[in-house]
Amino acid sequence: MSGGVGPVEPGEGTRAWEAEDGRGAGTSRLRPALFPGRHRRAVLGALTALALLAGGGLLWATRPQERQRAVPAPPFPSQVVDLAYLGPLAVPPGTRPRTFALEVLLSVESGPPVTTTRLAQPYAGIFLTSTPRSPFRTKAGSARKIVITMHVTDCGNVPRDAGLPFLDVTLRNARAMQDHSFILGSRYARDLSQALQVACSNESS
């Protein structure tokens, strides 16, 4: 029995040899497969993943700039408006009795312009007007002096000692309209109480 090794069986993933230049099987030039089947599948999977990553990066780079940075909403008007008491004012000669005037300062810190649409006070026996008359607008970074003129119409419906008085103000800007009550401090309470006592000291006036 003669020794030797039989023909080697092709391994897994081996591609058939191919003939080139039309030569016969006996004279064909042989070229192996570039990648075995298992390796080829791994390479195709990696290329697919890279393509997906590249496509996602392209979408991120080309999306509209407006989506990348959200524009913050403007503040509510009550968050940027301050109302401060300045002091009493003399009323012009010839003003009807039981009338007095006080001055306040309205300022807007930031954001869009704020429109003051209403000024009021809580007592039923007092009629209030303002100069300038509402509605009026105040821009951000500016302040406006407002003269509050009060006329007592019924002394029975006003306090003789206003302990914690406030002004009701309706404010509007590009964000919202708000009703806000401003407490103006002890000096405003003292001057208001004194003015009410003077106005109602003589019921027959």
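**Salt bridges and a pocket in a predicted model**

User: In this predicted model, what makes Arg190 and Asp191 a salt bridge?

Analyst: The closest N and O atoms of Arg190 and Asp191 are 3.9 Å apart. The cut-off is within 4 Å, so the pair counts as a salt bridge.

User: Why is Asp191 called buried?

Analyst: Happy to show you! Asp191 has 12% relative accessibility, and buried means under 20%, so the label fits. Its partner Arg190 comes to 48%, which lies between 20% and 50%, so Arg190 is partly exposed.

User: What makes Arg118 and Asp179 a salt bridge?

Analyst: Their closest N and O atoms are 4.0 Å apart, and by this rule the count comes to two salt bridges. The Arg118 pair links distant parts of the chain, with Arg118 in strand E3 and Asp179 in strand E8, 61 residues apart.

User: Why is Asp179 called exposed, and Arg118 partly exposed?

Analyst: Asp179 reaches 62%, and exposed means over 50%, so Asp179 qualifies. Arg118 has 35%, which falls between the two cut-offs, so Arg118 is partly exposed.

User: How do you know that E7 and E8 pair?

Analyst: Pairing needs at least two bridges, and these antiparallel strands have seven, so they pair. Arg172 stands opposite Met177 in E8, and a hairpin of four residues joins E7 to E8.

User: Which residues line the largest pocket?

Analyst: Asp191 is among them, along with Pro88, Phe100 and Val198. The lining divides into eight nonpolar, two polar and two charged residues. Helix H4 supplies the largest share, five residues, and the pocket has a volume of about 210 Å³.

Technical notes: Residues numbered from 1 in each chain as written. Predicted model: local features only at pLDDT ≥ 70, side-chain atom pairs only at ≥ 80, totals over all residues. Heavy atoms only, no water. 1 Å grid on protein atoms, 1.4 Å probe; cavity = no way out; pocket = protein on both sides within 12 Å on 5 of 7 lines; lining within 4 Å. Points joined across faces, edges and corners; volume = space filled by probe spheres on them. Nonpolar A, V, L, I, M, F, W, Y, C, P; charged D, E, K, R; others polar. Salt bridge = Lys/Arg side-chain N within 4 Å of Asp/Glu carboxyl O. Buried < 20%, exposed > 50% of the residue type's maximum accessible area, 1.4 Å probe, protein only.
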